[in-house]
There are 2 protein chains.
Amino acid sequence: MEIKTDKNIIAILRALREAPGPLGGTRVARQIQSYGINLSPRAVRYYLALTDKAGFTKNLGNKRGRIITPDGRKELNSAFVMSKIGLIASMIDELSYKMDFSLAKLTGNIVLNISTIQAENFPKALAYILPVFHKGFGMGQFAVIREGGSQLGNFSIPHGSIAIGTLCSVTINGIFLKAGIPVFSRFGGLLEIKNGQPVRFTDIIAYNGSTLDPLEIFIKGQMTSVYQAARLGCGLIGASFREIPAAAIPQAERIRKKLIKTGLGGILMIGRPGQALLDIPVPEGKAAMIVVGGLNPLAACEENGIKTHNLAMGTLFDFKELLPTSHLEQLLGKEQQSEREN
Amino acid sequence: MEIKTDKNIIAILRALREAPGPLGGTRVARQIQSYGINLSPRAVRYYLALTDKAGFTKNLGNKRGRIITPDGRKELNSAFVMSKIGLIASMIDELSYKMDFSLAKLTGNIVLNISTIQAENFPKALAYILPVFHKGFGMGQFAVIREGGSQLGNFSIPHGSIAIGTLCSVTINGIFLKAGIPVFSRFGGLLEIKNGQPVRFTDIIAYNGSTLDPLEIFIKGQMTSVYQAARLGCGLIGASFREIPAAAIPQAERIRKKLIKTGLGGILMIGRPGQALLDIPVPEGKAAMIVVGGLNPLAACEENGIKTHNLAMGTLFDFKELLPTSHLEQLLGKEQQSEREN
């Protein structure tokens, strides 16, 4: 049976997707109110009968409630593109607001990109990833590794794969927001590096005009040369162009220093009040800020023939569970040693 | 020697790129006036000395003037991304204005996409391309084939490659404009086809927020399933969402019929005044129009493992030099026959 996916059904599927377990009609009705949808529990149950038939939800029986099926997730991802227009821009703002990392205490959640690679490619991948972190073209000096079959936040890692979580540069927005500085993310672009320094953007995609993350696109389209930039100082890396209030520049510079000390460096440049940065103008009263793309280390893998699957802004994640990238180097050392021993 | 690429140099390089042959300082000075740059011939010659040194231009000597070098073209492509922001939107408008095809007389220039594939893959590629045209998921029923070493408009085809020129859907904008109907191209997207009919957009990229053509991105990112849509009636094809004045709907419908008769069909849907089309709302006084992506036939190749290199809106091209796709079928027939004979 085919049903016309309407906004009530989308809200119901979304409630089920975000729930930690199965939900009954009453709890779904309560949850979708926060999305601006008012339906009685009875109306919700009517819709749930439809979504059961369409294969989007499954009734576990015995009043245990409903769960969303893989088909339901697929439907949710592709339904109603208009509510997805600017989704990248909206997701950035939503996650900046939701994360609660404290730069003073180094506790709380950060925003994590999730990448998966075939397990057998992992040692080779690390050898491309680490130089990118070294040169400061990755976001901070932290990452997390998880094996297939386990979870990374609410993401289930397929068997046979290894997941690498990298800090998403949206984390910077969240930290600024907690400090009272609103950040407007304007576009993601390919930033040309010459002699180790950023010189200009060669291509851009605006966050509010795209349902796809720009850096994911650049990686898939094999347009980056991050590894070359890390090795030789010349290449194209992913970066993000953002705007902050000009009055906040001194505070932004202080936060930037603190971020670097903490191993969370990622701000490449901060502009002057109302002045263009790398030839990109900003409005009066604003200042430009250029932030490194969190997925750059994974781009380096893709450039060297290692297939990656990348999900920018994949999940909120506890900062305490991240490892310094220096620990990954030891991991790489061990892997190489065991290869020699075999 | 490295020079800071400024807007005067960009204008000079652009003038040389657009010229049919070498230009002297005086003619360059005259040409760049149309880009809003006023420089004396003497100032132009000063800049040309710099660009010669930088390797962007070459002085042919004996007062024959300058030509642009491959490095100069590269510089032009990547320089000043801000003047490229919205370039896709601007290019669409510029080419719609420049083309002079007459639907009544079937003469004049149309806008052509240029795609190249390895020569040895050509027969296989044709077998994927033709079904897409058959099902109406390509733009019109015309194409042009050229061998490596020759020219397609102002594009030089590399040796060992074969170029396929397909009608760019911007041609529709040009035809409408000649009929007095302004077309606003809003975004390129992935259009889901079910049972042969368009049902919704699953991803979009706005033309005025991107320096890259959306359909080129979708093809490179292997996000399309055009061949499946042509074969089984279900899949994701490239399409463009545009807006016309609501008052022009009756005239637009008449043009649409004429286009189909002429073998130039490509308009998939025209909406109603001020009403959403496939759930995408339009402003009051406007009507939506969904047009098929001209590069869809090439997407079908890429989906089946044949590497393609695609340049949307590659050149203006004389309509008379295009072949009906039925001629390509004969070509395919011959190729297959000669394969059997070998």
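# Notebook: strands, rings and turns in a predicted model

**Entry 1. Strand E8 of chain A.** I began with a facing pair: A:Phe187 stands opposite A:Phe241, which belongs to E10(A). The model I am reading is predicted. A:Phe187 led me to strand E8 of chain A, residues 184–194. I noted that nine of the eleven residues in E8(A) are buried, and the strand is mostly covered.

I then looked up the partners of E8(A). Strand E10 of chain A, residues 235–245, runs antiparallel to E8(A), and nine bridges join the two. Strand E9 of chain A, residues 197–206, also pairs with E8(A) in the antiparallel sense, over eight bridges. On that side I found A:Gly188 opposite A:Ile205 of E9(A).

**Entry 2. Positive phi values.** Which residue takes a positive phi in the hairpin of E8(A) and E9(A)? I found A:Asn195, with phi near 50°, in a hairpin that has two residues between the strands.

I looked up two further residues in chain A. A:Asn62 has a positive phi near 50° and is not a glycine. I placed A:Asn62 in the loop between strand E1 (57–59) and strand E2 (66–68) of chain A. The relative accessible area of A:Asn62 is 73%, so I wrote it down as exposed.

A:Gln222, again not a glycine, has a positive phi of about 50°. The loop that holds A:Gln222 runs between helix H9 (214–220) and helix H10 (226–232) of chain A. Is A:Gln222 buried or exposed? Its relative accessibility is 56%, so A:Gln222 counts as exposed.

**Entry 3. Aromatic pairs.** I noted a count of 14 aromatic pairs over all chains. One of them I checked by its angle: the rings of B:Tyr46 and B:Tyr47 have centres 5.5 Å apart and planes at 65°, so the pair is edge-to-face, since planes over 60 degrees apart count that way. I also looked up how covered each partner is. B:Tyr46 is exposed at a relative accessible area of 54%, whereas B:Tyr47 is buried at 15%.

Next I took B:Phe101 and B:Phe319, whose pair is tilted, with 4.8 Å from centre to centre and 55° between the planes. Where in chain B do these two residues lie? B:Phe101 is in the loop between helix H6 (87–98) and strand E3 (109–118), and B:Phe319 is in the loop between strand E13 (309–318) and strand E14 (323–324). The pair links distant parts of the chain, 218 residues apart. B:Phe101 has a relative accessible area of 2%, so I listed it as buried. B:Phe319 is also buried, at 8% relative accessibility.

In chain A, I found that ring pairs link A:Phe101, A:Phe142 and A:Phe319 into a cluster.

**Entry 4. The nonpolar core.** How many residues does the largest nonpolar core have? I read 182, and the residues with the most contacts inside it are A:Phe176, A:Phe201, B:Phe176 and B:Phe201. I followed A:Phe176, leaving aside its neighbours within four places in sequence. Its contacts are A:Ile181, A:Val183, A:Ile244, A:Ala252, A:Ile255, A:Ile267 and A:Met289.

**Entry 5. A helix length check.** Helix H1 of chain B, residues 7–18, has twelve residues. At 1.5 Å a residue I expected a span of 16 Å; the end C-alpha atoms are 16 Å apart, so the two values agree. I also listed buried residues in H1(B), including B:Asn8, B:Ile9, B:Leu13 and B:Leu16.

How values were computed: Residues are numbered from 1 along each chain as its sequence is written. Chains are lettered from A and ligands numbered from 1 in the order in which they are written. This is a predicted model: local features need pLDDT of at least 70, side-chain atom pairs count only at pLDDT 80 or more; totals for chains, interfaces and linings use all residues. Side-chain values use heavy atoms; hydrogens and water are left out. Rings of Phe, Tyr and Trp (its six-membered ring) pair if their centres lie within 6.5 Å; planes under 30 degrees apart count as stacked, over 60 as edge-to-face and the rest as tilted. Buried means under 20% relative accessible area, exposed over 50%, partly exposed in between (1.4 Å probe, protein chains only). Helices (H or I, at least four residues) and strands (E, at least two) are DSSP runs, numbered from the N terminus. Two strands pair if DSSP finds at least two bridges between them. A nonpolar core is a set of buried Ala, Val, Leu, Ile, Met, Phe, Trp, Tyr and Cys residues joined through side-chain atoms within 4.5 Å. Contact means heavy atoms within 4.5 Å. The expected span of a helix is 1.5 Å times one less than its number of residues.
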